[in-house]
2 protein chains.
Amino acid sequence: MSAQAPHNTLLIPGPIEFDDAVLQSMSHYAESHVAPGFVKVFGETLTLVRKLFQSTNPTAQPFIISGSGTLGWDLVSANLIERGENALVLNTGYFGDSFGQCLETYGANVTHLKAPIGDRTPLEEVEAALKEKSYKLITLTHVDTSTGVLSDVKGVAQLVRRVSPDTLVVVDGVCSVGSEEIAFDEWDLDAVLTASQKAIGCPPGLSIVMTSGRAIQAAQSRKTPPGAYYASIANWLPIMQNYENNKPSYFATPPTQLVHALHTTLTQITADVPGRFAIHTEVSDKVKAAAAELGLKQLAARSECQAHGMTAMYLPEGLVPADVLPGLLKRGVIFAAGLHKEIATKYIRFGHMGVSVTDPKRGDVDNALAALKEALAEAKQAKGL
Amino acid sequence: MSAQAPHNTLLIPGPIEFDDAVLQSMSHYAESHVAPGFVKVFGETLTLVRKLFQSTNPTAQPFIISGSGTLGWDLVSANLIERGENALVLNTGYFGDSFGQCLETYGANVTHLKAPIGDRTPLEEVEAALKEKSYKLITLTHVDTSTGVLSDVKGVAQLVRRVSPDTLVVVDGVCSVGSEEIAFDEWDLDAVLTASQKAIGCPPGLSIVMTSGRAIQAAQSRKTPPGAYYASIANWLPIMQNYENNKPSYFATPPTQLVHALHTTLTQITADVPGRFAIHTEVSDKVKAAAAELGLKQLAARSECQAHGMTAMYLPEGLVPADVLPGLLKRGVIFAAGLHKEIATKYIRFGHMGVSVTDPKRGDVDNALAALKEALAEAKQAKGL
C-alpha cells in the first residue's frame, strides 16, 4: 500500500506520517535555486500558502524560509515590535513561555496572561489587559502542542479590532495550520507562523509565515533596524515577491527538496480546504469519544478548547507515560509523552493529523485506538490497578 | 547508473549533484525527533562533523541547525561579539559584504579590508590592522563563491595568534568545507560555518557550525544576553551535547530527513578525509588547465588564491554569460553566471565538488569541459568573434 519502508506509525503531534508522493518529492534531483524550473515551483508554493490561509488580499505576504517553526518567533519578534514596546502573550502552555522569551530577546516588554492548564484566557481578561496598556502586538498559540488546548483566534482577533485596533494579532499556528480553520483575511489576522512538519504533512525544515499588509507596514516603518539578519523581513520580502513573480532572486539558498515536498502536500491540501478541516473535526470527535469510553480525561476540559489535530489525555491515577508508551510501540504505534512541565508525567499525547486522518485506508487512527485500549489494560494489570 | 530521474548535470558552486544513497536518505519515513533511532543518528552526525574538521579536542563543539548557510553568520554575530565591539572582515567579494552587514545588525563595529577582485588581502595589511585596534573577532571567507578566491586560513590564523591572540578567528566555509583542507584544532580556529549543499554533498537546508572551546567561552561569558533567539548558542548548546550523548532533547524540531542525508554523506566523506581533498585538488588542476587551454582567464589570478571546488572564469571579450550558458544547457550541463556585482556580466562559474569529482564513472567533469569548449566556439561564431 505504501512505497515506504515498514515502520511504526508516528502519531505524535508532529512530525507526522507522510503521503508517499510528498516523501518522493524529498529525493528530487539536484537543481539550481535560481533556475526556471525551481523558481516556478517555489513561486507556486508561495501562492499555495495563500490558498491554505484562504487569503486573496494582495497586500498579505507569505514567507517560506529554511528553518524550524521556532524561527517564526524570531521573524515576528525581530521585525514587528521594537525595543521597549509592549507585547501581550496569551499563554496556554510551554509554547507561550518560549515565544515570550523570544520577544524579550529582541527587547519587547512582555506581559503574560496565563490560562489555567487545559483552558484559555477568558476574553474579558484579554479585554481588560488591552485597555490597561498600549500593546504593539498580541500573541496566541492556536493549538498548544504541549496541552492540546485550542485558542479562540477569531474571537481574540475581533476583540482586538474593537478595543485596540492597531495592535498586531500574531498567531502561533505551528500545531494548527492544516488541521484547524484559519481565515486569514476574514479574521483580519496580522501574522500566522507555522512549520512544515505538523498538519501540513511535509518533513520538518521549513518555517512558514503568513503576514498582513499591516504587519509588513509595521516592519517597514520601524524607527530602528530589524533585530536579526537571517530573520529579517526586509531581507526576505523582495525574495518572496520575486519568486512569486517567477523571477530568480537570492538572499540565502532555499532548501529545494523541502520546497518540492511542500508544493506536493499543499497541492493536495488546497484541493479542498474546508473538506480538510471537516475530516479533522470528524476524526477528532471519534478519538475523543473513544478516549472518554476508556475513562481518559482530556487536559482541555471544555470541548470548545479541544484541538482537532491532537488529543492530550491524562492517564489513570497510578500510571505514567513510560507504563503505556512501550505497550503502544509494541503494537506499532507511537504516541508522545507529556510536555507541560508541571504535569508532564501525568499524560500522553496522540497526534491525529494529515494522511493518518485523510486516508482512512491506512487505518492509522482505528489501529491506534485499539492499541491504546490494549496497552492501557496491560499497564493497569501490571500495576495491579 | 543512477537511481535519479534523468536531468541536466548541476555544476554550479552549490547546490551540487547528489550521490544516490544521500538522496534516498531524504525520503526516510516519518520519525520522532526524540525517539532513540533518530537521536542516535543525530548524535553520530555531530561526531562525523568533528571528523570532517579533523578535530579531536573535546572542548570543540559542532552545531547542526535547520537553516541556510546564512544562518551561521547570525550564530556568530549574535553570540561571539557584543554591541560596540570590533570585527575585522577580510573581504574577498559578495559574501564578505553580507557577513559584515550581519555583524552590524547585531551591533558590531565592522572594518572591512577589501582585497582587489580576484585576490586576497595581503597578510601584512591584516597584521597592520590587528595592531591598530583591538578586534573581538576576524572573519574570512575561505572560498568566496562569487569569485572562486581561496583565502589563506592557516596563515591568517597563525598571524592572529601571534599578533592578537584573543581575537576569535571565524571562517565562512560555506563554499570550502568538504573540498578544501581544514584542520580545525591544528590551525587553532574558533568558528567555521558552512552549509549542507556545497562540497558536503547534501541537499540544502542545514546550517553547520564548528566552534572552539574559546568561542563557546566567549558566548558564555557575554556581558549582555545573546542577540537572537533561534540563533542563540545558549539555546542550542545543551541540545547538541545531549544528542551527541545519545539523550533526546528539545529546543526546535530538527529536519530529520536532512539529518539522515547528512549522516549518509559524512559517513562517505570521513572514510578518507585527506583523499577527498587530494582528488578535489587533482580535478581542479585539470579544470584550470583546460580553461587556460581555451584561453579563459580565472578571476583568481594567482594559483595560491584559486579554490579547488570551483573555477570562476572570465569570458572572452564580447561575450556575456547569456551567450554561453544556454549552449552548455543544450549539452546537459549547468554552470552559474557571475555574481560579483562589479563584473557579473563578464564571467561564469563552474562548480566541481562532491560526487561529480569523486565518482569519475559519472564523467561529469569531462563532459562539462567538452561542452564548454563547444558552447564557447558556438557563441564566438554567433557573435563573429
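This text walks through a predicted model of two protein chains, A and B.

Begin with how the two chains relate. Two copies of a chain are related by a rotation about an axis and a shift along it. Here, chain B superposes on chain A after a rotation of 180 degrees, with 0.0 Å of shift along the axis. The RMSD of that fit is 0.0 Å. This is the relation of a two-fold axis. To find the axis from chain B, go to B:G67. The C-alpha of B:G67 is the one in chain B nearest the axis, at 2.2 Å. The contact surface can be compared too. Of the interface residues of chain B, 100% are also interface residues in chain A, so the copies meet through the same surface.

Next comes the annotated domain. An unreviewed UniProt entry carries the annotation "domain: Aminotransferase class V" for residues 30-340 of chain A. Over residues 30-340, chain A is 39% helix and 17% strand. The end C-alpha atoms of that stretch are 41 Å apart.

Now turn to chain B and its sheet. Strands of a sheet pair through backbone hydrogen bonds, either parallel or antiparallel. In chain B, seven strands form an open sheet, and the pairing is mixed. The order is β2-β10-β9-β8-β5-β3-β4. At the edges are β2 (61-66) and β4 (109-114) of chain B, each pairing on one side only. From one strand to the next, the twist averages 20 degrees.

Strand β10 of chain B deserves a longer stop. In the strand order, β10 sits between β2 and β9. Six bridges link β2(B) and β10(B), in the antiparallel sense. One of the paired positions is B:S66, whose bridge partner in β10(B) is B:L206. On the other side, β9 (residues 191-195) and β10 (residues 206-211) of chain B also run antiparallel, joined by five bridges. Two pairs help to fix the register. B:L193 has B:V209 as its bridge partner in β10(B), and B:A195 has B:S207.

How much of β10(B) is buried? Six of its six residues are, so the strand is largely enclosed by the rest of the structure. Buried here means under 20% relative accessible area. The cover reaches both faces of β10(B). B:L206, B:I208 and B:M210 are buried on one side. B:S207, B:V209 and B:T211 are buried on the other.

The nonpolar interior comes next. The largest nonpolar core has 190 residues. Those with the most contacts inside this core are A:F63, A:L189, B:F63 and B:L189. Take A:F63 and look at its surroundings. Beyond its neighbors in sequence, A:F63 touches A:S207, A:I208, A:V209 and A:T211, among others. Its contacts also include A:I233, A:W236, A:L237 and A:M240. A:L46, A:L75 and A:I216 are further residues that A:F63 touches. There is also a second, separate core of 24 residues. Among its members are B:A291, B:V333, B:F335 and B:L376.

One record-listed site lies on a strand. For "binding site", the unreviewed UniProt entry lists A:R349. A:R349 is in strand β14 (residues 347-351) of chain A. Is A:R349 buried or exposed? With a relative accessible area of 8%, A:R349 is buried. Its contacts away from its own stretch of sequence include A:L11, A:P13, A:T145 and A:S146. A:R349 also touches A:M310, A:T311 and A:A312, and the run A:F335, A:A336, A:A337, A:G338 and A:L339.

Finally, check some backbone details in the loops. The peptide bond from A:G14 to A:P15 is cis, with omega near -5 degrees. A:P15 lies in the loop between β1 (9-10) and α1 (20-25) of chain A. In chain B, a cis peptide bond joins B:G14 and B:P15, with omega about -5 degrees. The loop that holds B:P15 runs between β1 (9-10) and α1 (20-25) of chain B.

Two residues of chain B that are not glycine have positive phi values. B:D188 has phi near 60 degrees. It lies in the loop between β8 (168-172) and β9 of chain B. At 28% relative accessibility, B:D188 counts as partly exposed. For B:N246, phi is about 70 degrees. B:N246 is found in the loop between α8 (233-244) and α9 (256-269) of chain B.

Methods
Residues numbered from 1 in each chain as written. Chains lettered and ligands numbered in written order. Predicted model: local features only at pLDDT ≥ 70, side-chain atom pairs only at ≥ 80, totals over all residues. Heavy atoms only, no water. UniProt positions renumbered as here; feature names shortened; annotations may be inferred. Helix = DSSP H or I, 4+ residues; strand = E, 2+ residues; numbered from the N terminus. Pairing = 2+ DSSP bridges. Axes fitted to C-alpha atoms, helices over the stretch in contact; angles between N-to-C directions. Core = buried A, V, L, I, M, F, W, Y, C linked by side-chain atoms within 4.5 Å. Buried < 20%, exposed > 50% of the residue type's maximum accessible area, 1.4 Å probe, protein only. Contact = heavy atoms within 4.5 Å. Least-squares fit on C-alpha atoms with pLDDT ≥ 70 in both. Lists of a residue's contacts leave out its neighbours within four places in sequence.
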